[in-house]
Structure formats: C-alpha cells, structure tokens
Amino acid sequence: MVRTKKVKSAGRFGSRYGRSVRQKVRDVEINQRKKQNCIFCKGVAKRLSKGIWQCKKCGKKFAHHTFFLPKKEESKVLKEQELKKPEKSKKQINLKNNKN
Ligand SMILES: [Zn+2]
C-alpha cells in the first residue's frame, strides 16, 4: 500500500489529480475509516450508500453526511451556529425597520 507523509492514504494516486484534491481525499478518508457513531444512540452505524446509514444497534436507517458521521460535539456546534444566524438576520431587519 502506497502511503506518503503529506497525503497519506491518497498517496496511492501518485502525482495525479493535483495536491489540493488529494488532500481533500485524505481528509475524508481519515474520518471515513473511524467508527461511525449512530446519531440516535451510541451504536455503530454502517454506510449503506452515499449519505445513507444504518445503525447496527437500534436498526434505524437514516440520511446524514455523505462519507462520515460527525461527532456529537461537532454537530452541536453546527446547531448553535445555525441558531445564531437567524438572530443576526432579525437584528438586521429591525435596523432596516427603524430607518424607515
Ligand atoms: Zn442507533
């Protein structure tokens, strides 16, 4: 198996496809090869197809990220960021109304 220091698992492509593309493949494959935790329970989920996952423990089949499931902490951060966005837009709307 061809591995390199910089692009690791993407070293199998040799010098093809360009540096940034190989780095993207590496970043995905590092996460993809870890155990994927179910978003409903603590069980291990298996990827059936692109973005389709099935938990071995609770048996739920669900749609989520394409290549790997984010850790629960990361998904919490994403939710907080999503919650913050509409607040900002509301403030902007209020400012616009005040001007009028
Ligand atoms: Zn589960």
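# A friendly tour of a predicted model

User: With 17 C-beta neighbours inside 10 Å, how does Lys8 count: buried, exposed or partly exposed?
Analyst: Welcome to this model, which is predicted. A residue is called buried from 20 such neighbours upward and exposed at 12 or fewer. Lys8 has 17 of them inside 10 Å, so this residue counts as partly exposed.

User: What is the phi of Lys8, which is not a glycine?
Analyst: Let us place the residue: Lys8 sits in the segment that comes before α1 (19-32). Most residues that are not glycine have a negative phi. Lys8 is not a glycine, yet its phi is positive, at about 45°.

User: And what value is phi of Tyr17 near?
Analyst: Tyr17 also belongs to the segment before α1. Because Tyr17 has 12 C-beta neighbours inside 10 Å, this residue counts as exposed. Tyr17 is a residue other than glycine with a positive phi, near 75°.

User: In what order do the elements of the chain run from the N terminus on?
Analyst: Start with the parts list: there are two helices and three strands in the chain. Reading onward from the N terminus, the elements come as α-β-β-β-α.

User: What is the order of the strands in the open sheet?
Analyst: Strands of a sheet pair through backbone hydrogen bonds, and the pairing may be parallel or antiparallel. Here the pairing is antiparallel, and the three strands of the open sheet are ordered β1-β2-β3.

User: Which strands stand at the edges, each with a single partner strand?
Analyst: A strand at the edge has one partner, so one of its sides has no neighbour in the sheet. This is the case for two strands here, namely β1 (45-49) and β3 (61-63).

User: By what angle are neighbouring strands of this sheet turned against each other on average?
Analyst: The angle ignores the direction of the strands. On average, neighbouring strands in this sheet are turned against each other by 35°.

User: Which residue in β2 does Lys46 stand opposite?
Analyst: β1 and β2 (residues 52-55) run antiparallel and are joined by four bridges. Across from Lys46, in β2, you will find Gln54.

User: Which residues make up the largest nonpolar core?
Analyst: For a start, 9% of the 100 residues in the chain count as buried. The largest nonpolar core has five residues in all: Cys38, Ala45, Trp53, Cys55 and Leu69.

User: Which residues does Leu69 touch, not counting those up to four places away in sequence?
Analyst: Leu69 belongs to the largest nonpolar core, as do Ala45 and Trp53. With residues up to four places away in sequence set aside, Leu69 touches Gln36, Asn37, Ile39, Ala45, Trp53 and His64.

User: Which residues is Phe67 in contact with, leaving aside its neighbours within four places in sequence?
Analyst: Phe67 lies in the loop that links β3 and α2 (72-99), and with 13 other C-beta atoms within 10 Å, this residue is partly exposed. Its C-alpha is 6.6 Å from that of Gly51, although the two are 16 residues apart in sequence. Setting aside neighbours within four places, Phe67 is in contact with Val28 and Gln32.

User: What separates the C-alpha atoms of Ile30 and Phe68?
Analyst: Ile30 is part of helix α1. With 13 other C-beta atoms within 10 Å, Ile30 is partly exposed. Along the chain, Ile30 and Phe68 are 38 residues apart, and their C-alpha atoms are separated by 9.6 Å.

Notes:
Residues numbered from 1 in each chain as written. Predicted model: local features only at pLDDT ≥ 70, side-chain atom pairs only at ≥ 80, totals over all residues. Pairing = 2+ DSSP bridges. Axes fitted to C-alpha atoms, helices over the stretch in contact; angles between N-to-C directions. Core = buried A, V, L, I, M, F, W, Y, C linked by C-beta atoms within 7 Å. Contact = placed C-beta atoms within 7 Å.
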